[in-house]
Amino acid sequence: RRTRHLRDVLVVAEIALAFVLLVASGLLARSFVKLLDVDPGFDAANVLTAGLPISQEQHPDPAELNVYLTSITGAVQAVPGVRVRAITSALPLEGWGQGVAYAMPERPRVDAANRRPAFFKMVSPSYFGALGITLREGRQLSENDKAGAPPAAVINETMARREFPGEGAIGPRILVREILPGRMELGSEIAWEIVGVIANEKITGLGDVTSAGMYVSNLQSPTYSTNLVVKSDLPVESVRKAIQSAVNSVNRTQALSDVRTLEDLVTKS
């Protein structure tokens, strides 16, 4: 009798577990189908990405670092089939890269410990065009946003809604302590003027709906954490070797790491 009772209990437990697994798998499948329809905020077709590891010892001067990066991207732009090339401190869907605490100088002062966080991407002005990111308001970054020019920033829609609900976001400034290239400490505060608002680019993954942040030109905020983004008119595999050759024409020891298509990153997410 005890054996039969234990067997009945096990059968009931197995049925319950099977039901839970069935429901869970159904929810997982439904979530997966929804993710397939998510707009990542960029066009991933025919885009190649690669890490661009750069030694600080080789380029200790930030201004010279930007000259070097300009040489690299110029060589890549000359590759037949390449439409747009750009650099970024963090690739789409790969996380914040840099996080900063910010304040709005026109508003009541907030102490550093209570400032809101945001992602902070250093990109070349061509970044938005390379990924087909939509401009919502104002302008994108330009080559005129360089060292010595007034600091300019573009923010995403999430940050615009957070800080300027129901009003225009162009013109106000954002205070952020300077990110010093290759150093752990931060510099003095920089007042970045908001010049544009772009559609949300998914930052931490396809399910990301909360990341608020800003984009600045690498010409105004240099970084050694650099990734190459190349939009091609041809299948990216057909230009991969030519891109590496173009990079090596500037520096034969410059490696490209973790070379992947942007569609690979979307699939991974």
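A polar contact is a pair of N or O atoms within 3.5 Å, where, within protein, one atom must be able to donate a hydrogen and the other to accept it. Keep that cut-off in mind for the tour that follows, and remember throughout that the structure on screen is a predicted model.

**The whole chain**

Begin with the protein chain in a cartoon view, where the secondary structure comes to six helices and eleven strands. Turning the C-alpha trace along its principal axes, you will find that it spans about 85 × 55 × 35 Å. The radius of gyration of the protein chain is 23 Å, whereas a compact globule of 269 residues would have one near 18 Å.

Now switch on the surface, of which the protein chain exposes about 14,100 Å², with carbon and sulfur atoms supplying 57% of that area. Of the 269 residues, 44% count as buried. If you colour the charged side chains, you will see 28 positive and 28 negative ones, and the centres of these two sets lie 8 Å apart. Among contacts between residues at least 6 apart in sequence, 77% join residues at least 24 apart.

**First stop: Q220**

Select Q220, which you will find in the loop between β9 (213–217) and β10 (227–232). Is Q220 buried or exposed? Its relative accessibility is 15%, and because buried means under 20%, Q220 counts as buried.

Next, show what surrounds this residue: leaving aside residues up to four places away in sequence, Q220 touches D145, K146, A147, A149, P150, P151, A152 and W192. Which backbone oxygen does the side chain of Q220 reach? It is that of K146, at 3.0 Å, a residue that is also in the list of those Q220 touches.

**Second stop: N248**

Move on to helix α5 (residues 240–250) and select N248 within it. With a relative accessibility of 27%, N248 counts as partly exposed. Drawing a line from the side chain of N248 to the backbone oxygen of Q254 should give 3.1 Å. For a longer view, add P80, which is 168 residues from N248 in sequence, while the C-alpha atoms of N248 and P80 are 16 Å apart in space.

**Last stop: D264**

Finish at helix α6 (residues 262–268), where D264 is found. This residue has a relative accessible area of 42%, so D264 is partly exposed. Select N251 together with D264, and you will see that these two residues, 13 apart along the chain, have C-alpha atoms separated by 27 Å.

Technical notes:
Residues are numbered from 1 along each chain as its sequence is written. This is a predicted model: local features need pLDDT of at least 70, side-chain atom pairs count only at pLDDT 80 or more; totals for chains, interfaces and linings use all residues. Side-chain values use heavy atoms; hydrogens and water are left out. Helices (H or I, at least four residues) and strands (E, at least two) are DSSP runs, numbered from the N terminus. The radius of gyration is taken over C-alpha atoms; the globule rule is 2.2 Å times the number of residues to the power 0.38. Buried means under 20% relative accessible area, exposed over 50%, partly exposed in between (1.4 Å probe, protein chains only). Contact means heavy atoms within 4.5 Å. Accessible areas come from the Shrake-Rupley method with a 1.4 Å probe; for residues, only the protein chains shown count as cover. Lys and Arg count as positive and Asp and Glu as negative; His and the chain ends are not counted. The place of a charge is taken as NZ of Lys, CZ of Arg, CG of Asp or CD of Glu.
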